[in-house]
Amino acid sequence: MQVQKTFKHLNSVFSGWCYQLLCGTDKVACALFLSLVLMWPGENVNECVTNTHTCQANERCVNTVGGFVCERQILCSSGYQLSNGVCEDIDECVMRTHNCGMGFQCQNTDGSFTCNLKQRCLTGFTQDSHGNCIDIDECSSVSEPCSTGFNCINTVGSYTCQRKIIMCSRGYHSSPDGARCIDVDECQMGTHRCGEGQICHNLPGSYRCDCQTGYQYDAIRQLCVDVNECWRYPGRLCAQTCDNTPGSYQCSCTTGFSLAFDGKNCEDVNECDNNPCGQECANIYGSYQCYCRMGYYLKEDGHTCEDIDECSQSIGNLCAFQCVNVPGSYKCACPPHGYSMSPNGRTCQDIDECAIGSHNCSASQTCFNIQGGFRCLSFACPDNYRRVSDTRCERVSCPNFQQCQTMPLRITYYQLSFQTNIVIPAQIFRIGPSPAYSGDNIIISIPRGNEEGYFSTRKLNSFTGAVYLHRQVREPRDFLIDVEMKLLRQGTFTTFLALELR
């Protein structure tokens, strides 16, 4: 009774407060609020279920203890799905949610997909991995495309069946499928003509009438006579010597061998066990053979080995520079300066003193490597040219148009080297514009340094020229030549100069 009075008192108090809050216009809302307040000491109210929350239409209500939270909902457009708070494209082709027909191929796009018409091949063709139509070999892909007795012949888009025609020799007949000739077993079929007491043995395409083992039939005397197995099967019955016996044979061995336990093979005596040779011994039938290791030869006594001087006996050049004989072999040597031995142990490779920094060129000089040494070179750019690298000068200005046509746009220094015994004519240098354009045309010449006529030029195509060595250089020497290239491009000549030191 006291609790009911308390509830009535609270109802009266909250009713008055609700009228004051809502100006007396919404008694239902006030009653709902009162009922919630009175229920609070017992259990939590789920505002999301009772629809007493204040979340907006684009928000989602999440119940909490004693209240609720409004979370913003992310809505994805058609063709997208929510993943980790981000709308991602749905691949309808992979998910197989597309509606493309059998003759179409699905291709995914952002938020959707497209159906592309598949390429169809004619009958007898199939598509490869690239979509190309290729012929189907029905003869290999179809199980038994032709009936028995026919051969399958593949054609473009189809195949044909051709009847098998097979002619068999005497003693053979065609197989049931007509594909091959098989032997006729006269002994099994009873079509042989062997006499009484003889044994029929089938042979490919024929048969043979035999007497008992060790005998053969004599047609003239019409009886079986002894077979000389040693004559009939020479070298097949015995390892060495065969002696005929009535109805059989016996094997024997020559000097140095003994008959083995099987009565056919001969066992050799291994003389090498007694070390009769100076180096290596090889046992042979009834004897032995001495031989030497690589780099040695066998002397006339057949036992002693002597060292081979490969350097003096070699027909070709074993080493690029110098051959040094050593016991049983040889080794190659290189010049004491400027070269090192290659990994193959035969040729010498040049030491690049410029690359490893073992030269003595000054800071104002440029080191150029040559075979077996190096050169310290320096150059200065002519007037109206500026140096852009260690080996290149570019024109700064020219007084007039005519001189611009004759003065090189660029002067480049090259250091080349080649062997004195090089096969001539030999192409040693190529020159051309970079980049080259359609319509370019060049003129290449050697205006200076070729007074002795060792070099020549050749135009390989409209934008490439080459310098050739066409005289043999007998001894080491240096050449300094100017290679000039005039480039005709869009009606204007441009000159380039290459200075080459060899």
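Q: What is the relative accessibility of N384, which counts as partly exposed?
A: Three classes are used: buried means under 20% relative accessible area, exposed means over 50%, and partly exposed lies in between (1.4 Å probe, protein chains only). N384 counts as partly exposed because its relative accessibility is 38%.

Q: Which pLDDT do local features need in this predicted model?
A: Residues are numbered from 1 along each chain as its sequence is written, while side-chain values use heavy atoms and leave out hydrogens and water. In this predicted model, side-chain atom pairs count only at pLDDT 80 or more, totals for chains, interfaces and linings use all residues, and local features need pLDDT of at least 70.

Q: How many strands does the protein chain have?
A: Helices (H or I, at least four residues) and strands (E, at least two) are DSSP runs, numbered from the N terminus. By this rule the protein chain has ten helices, and its strands number 39.

Q: What is the phi of Q490, which is not a glycine?
A: Most residues other than glycine have a negative phi, and most peptide bonds are trans. Q490 belongs to the loop between β38 and β39 (492–501), and its relative accessible area of 81% makes it exposed. Although Q490 is not a glycine, its phi is positive, at about 55°.

Q: What is the omega of the cis peptide bond from S434 to P435?
A: A cis bond also runs from I424 to P425, with omega near -5°; P425 is in the loop between β33 (408–415) and β34. P435 is in the loop between β34 and β35 (441–448). The bond from S434 to P435 is cis, with omega near 0°.

Q: Which strands stand at the edges of the open sheet of three strands?
A: Strands pair if DSSP finds at least two bridges between them. The order in this sheet is β34-β37-β36, with antiparallel pairing. Each edge strand has a single partner, so one side of it is left without a neighbour in the sheet; these strands are β34 (426–431) and β36.

Q: Which residue of β37 is the bridge partner of Q427?
A: β34 and β37 run antiparallel and are joined by five bridges. In β37, Q427 has as its bridge partner Y468.

Q: Which residues does T464 touch, not counting those up to four places away in sequence?
A: T464 is part of strand β37, and it counts as buried because its relative accessibility is 11%. Contact means heavy atoms within 4.5 Å. With residues up to four places away in sequence not counted, T464 touches R430, I431, I442 and K459.

Q: Why is the pair of F455 and F479 edge-to-face?
A: Rings of Phe, Tyr and Trp (its six-membered ring) pair if their centres lie within 6.5 Å; planes under 30 degrees apart count as stacked, over 60 as edge-to-face and the rest as tilted. Three aromatic pairs are found in the whole structure. The ring centres of F455 and F479 are 5.1 Å apart, and the pair is edge-to-face because the planes stand at 90°.

Q: Which residue has its charged end over the ring of Y454?
A: Y454 forms one aromatic cluster with F455 and F479. A charge sits over a ring if NZ of Lys or CZ of Arg is within 6 Å of the ring centre and within 35 degrees of the ring normal. R458 lies over the face of Y468, 4.2 Å from the ring centre. Over the ring of Y454, 4.2 Å from its centre, sits the charged end of R471.
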